[in-house]
Amino acid sequence: GDTHFFVPNTTMITVVRRGFFALLVALTTPGTIAFQCRQKVAIHTFLCASVEAIQATDTESVGGGVLDQMKANHGKAREYADMFGLGATEAGLFCLFDSMRKAGIGLGLKGSPFVLRKDDVTSAIGGQDDNLFDGFFTMGDLEKALEDDFLDASRGSTDNRKGWKIAAVSNPRGDSFEEARMRFEDVQKALEKGTVIFNAAGAHIPKLAGSCLAVTDATSTPNAMNLYVTANGKRTSAPPHTDKQDVVVVQTSGRKFWRVYMPTDPSAKPMADLFARGKGEDNLALHVLDEGSLLLETTLNPGDLLFIPAGFPHTTATAFDDSEEDGTSVHMTINVDTHVWELDYLSARRLALRRGCVQDSALGQTQEEENRYCGKVNELPKELHSDIFDALPLGFLDETPPANVASVESVTNELSKIAKGVDTETYSKVDETLWKETVERLRIHGKNLVSIHRDMYLAALEEGRARKSEDEMTAHLDKPKKKAMTPERMQRLSLFRVQRYGSS
């Protein structure tokens with residue numbers, strides 16, 4: 001069974017590997033090599049390859065607090081799903097994200113990664129819907145999605161010594177519509193070389209749109225869902241990297257191994273984007289991260305969930321498993337896109353300075369195209385750096401924001417405090433009323449983004465219902481092996497549907 005023991009830094013370590021008991025015996029038996037060297041080698045070195053470490057609060061894990069909230073919220077989530085004709089999976093995601101809000105889960109650099117196991121989630125929502133996420137989206141669903149639409153995908157590199165690079169999965173084979181479409185066999189071939197990534201899959205694949213709608217409504221934030229598919233036996237399916245989004249990983253098929261690390265020291269490489277480490281030309285080698293920064297090491301099985309805050313390095317792998325007919329790993333990554341859409345204090349400060357025509361002499365960001373997460377900002381004191389990188393609080397874009405943390409007044413006060421902490425001279429040059437006006441403008445901007453995302457996901461849901469109705473109407477007919485794409489249906493492809501919202 002699982003063995004739990006606690007260490008002074010409040011990290012809860014769950015030992016799950018066979019043979020660990022033997023290691024403990026060796027460590028405490030005089031005369032053994034392990035005993036002789038245990039005082040010379042940090043105990044963490046022994047544990048890294050054989051334990052699952054989950055960062056915790058003083059008395060209970062972060063994930064435990066979320067589960068407690070889910071027990072109270074699942075009735076509300078079911079009512080929400082019924083209102084929009086959604087299923088148990090969408091209700092579960094609404095419940096999860098709503099519970100994360102109520103539990104006060106930190107985002108970004110102030111967050112903590114955590115894992116929720118399938119059985120614990122099932123228990124939290126009253127023991128119903130045992131397969132809430134397990135099997136929700138499989139390779140069969142992906143094959144059908146490719147048959148029904150015109151989708152695009154990328155393939156990620158697998159070298160953990162270099163930055164994560166992306167290549168195309170397929171190229172047009174000719175000039176016709178059918179020759180330009182990506183096929184399921186293209187995906188299967190690409191899986192031999194690396195992970196296949198479907199960005200913004202929730203907007204393009206109707207089956208996934210309801211989940212995105214549920215998360216949008218639970219968090220009042222713009223969000224997106226990516227789909228990741230990885231073949232069995234990949235020692236590295238994603239090299240170490242960080243993301244700009246706070247994400248929840250939902251394992252729906254197969255298994256995937258994860259390691260999550262503490263954020264890197266921004267002052268060590270100020271010109272690197274803390275939210276895009278290990279991507280493109282920026283290398284984030286695994287051996288750099290292994291030096292005591294491992295926070296969590298776990299294997300996700302179908303139905304398990306993992307939360308990774310923005311800026312936390314992570315890497316993945318899939319083990320060879322011949323126990324299943326198809327061990328291909330499929331997981332959904334749901335992104336809370338606050339930083340993507342400049343809904344954070346760093347962006348708010350920069351906007352206020354520009355509205356006041358004040359040059360940013362403190363951080364030196366003068367050009368619109370400059371990456372706001374690079375440069376002098378990464379040389380700020382640790383606490384101030386964490387504050388200015390923080391996203392605007394969950395609830396800020398609610399119709400009626402919570403007065404204590406997410407009102408215009410409370411956000412304005414926090415922004416003013418941060419701006420003054422960065423540099424009193426630039427702060428004093430901005431008219432006092434501009435700080436509040438900037439926050440109000442960001443709230444309008446954010447609410448518009450949420451509305452656009454909601455409409456996009458509702459349109460995808462409607463398209464899914466239309467396709468289902470058409471399939472039912474023609475179910476009695478003899479069908480060819482390959483479904484023909486009618487001109488009318490071509491006009492409704494996600495390629496065109498999503499583009500309307502991207503230009504809004």
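Trainee: How many aromatic pairs does the structure hold?

Mentor: This is a predicted model, and it holds 8 aromatic pairs. Let's start with the rings of Phe 150 and Phe 177.

Trainee: Why is the pair of Phe 150 and Phe 177 called tilted?

Mentor: Check the distance, then the angle. The ring centres are 5.5 Å apart, and the limit for a pair is 6.5 Å, so these rings pair. Their planes stand at 45°. Stacked would need under 30 degrees and edge-to-face over 60, so 45° makes the pair tilted.

Trainee: What makes this pair tie together separate parts?

Mentor: Look at where the two residues sit. Phe 150 is in the loop between helix H7 (139–148) and strand E5 (154–156), while Phe 177 belongs to helix H8 (residues 177–180). The two parts are 27 residues apart in sequence, so the pair ties them together.

Trainee: Is Phe 177 buried, partly exposed or exposed, and how do you know?

Mentor: Its relative accessible area is 22%. Buried means under 20% and exposed over 50%, so Phe 177 falls in between and counts as partly exposed.

Trainee: And what makes the rings of Tyr 373 and Phe 389 a tilted pair?

Mentor: The reasoning runs along similar lines. The centres of Tyr 373 and Phe 389 are 5.4 Å apart and the planes stand at 55°. That angle is neither under 30 degrees nor over 60, so the pair is tilted. This pair also links distant parts of the chain, 16 residues apart. Tyr 373 is in the loop between helix H13 (345–355) and helix H14 (382–388), and Phe 389 is in the loop between H14 and helix H15 (408–422).

Trainee: How do you know that Tyr 373 and Phe 389 count as buried?

Mentor: Tyr 373 has a relative accessibility of 0% and Phe 389 has 2%. The cut-off is under 20%, so both count as buried.

Trainee: What links Tyr 80, Phe 84 and Phe 94?

Mentor: Ring pairs do, and they join these residues into a cluster.

Trainee: What makes you say that Lys 207 lies over the face of Phe 136?

Mentor: Lys 207 is 5.1 Å from the ring centre. The charge has to be within 6 Å of the centre and within 35 degrees of the ring normal, and Lys 207 is counted as lying over the face.

Trainee: On to the helices. Why is helix H11 (residues 206–219) called roughly antiparallel to helix H17 (residues 432–473)?

Mentor: Their axes come within 8 Å and cross at roughly 150°. Angles over 145 count as roughly antiparallel, so H11 gets that label against H17. H11 passes H17 in a left-handed crossing.

Trainee: Then what makes H15 oblique to H17?

Mentor: The axes of H15 and H17 come within 9 Å and cross at roughly 125°. Roughly perpendicular covers 65 to 115 and roughly antiparallel starts over 145, so that angle leaves H15 oblique to H17. This crossing is right-handed.

Trainee: Now a sheet. What makes E9 and E12 the edges of their sheet?

Mentor: Start with the order, E9-E14-E11-E12, in an open antiparallel sheet of 4 strands. Strand E9 (238–241) and strand E12 (294–300) each have a single partner strand, so one side of each lacks a neighbour in the sheet. Neighbouring strands here are turned by 15° against each other on average, direction ignored.

Trainee: How do you know that E9 and strand E14 (residues 314–317) pair?

Mentor: Pairing takes at least two bridges. E9 and E14 have 2, in the antiparallel sense. Ala 238 has Thr 316 in E14 as its bridge partner, and His 241 stands opposite His 314.

Trainee: What about strand E11 (residues 256–261) and E14?

Mentor: They pair in the antiparallel sense over 4 bridges. Phe 257 stands opposite Ala 317, and Trp 258 has Thr 316 as its bridge partner. On its other pairing, E11 joins E12 over 6 bridges, again antiparallel.

Trainee: Why is E11 called largely enclosed?

Mentor: Of its 6 residues, 5 are buried, so the rest of the structure largely encloses E11.

Definitions and conventions. Residues numbered from 1 in each chain as written. Predicted model: local features only at pLDDT ≥ 70, side-chain atom pairs only at ≥ 80, totals over all residues. Heavy atoms only, no water. Axes fitted to C-alpha atoms, helices over the stretch in contact; angles between N-to-C directions. Phe/Tyr/Trp six-rings, centres within 6.5 Å; stacked < 30°, edge-to-face > 60°. Buried < 20%, exposed > 50% of the residue type's maximum accessible area, 1.4 Å probe, protein only. Parallel < 35°, antiparallel > 145°, perpendicular 65-115°, else oblique. Left-handed = near helix turned anticlockwise from the far one by under 90°.
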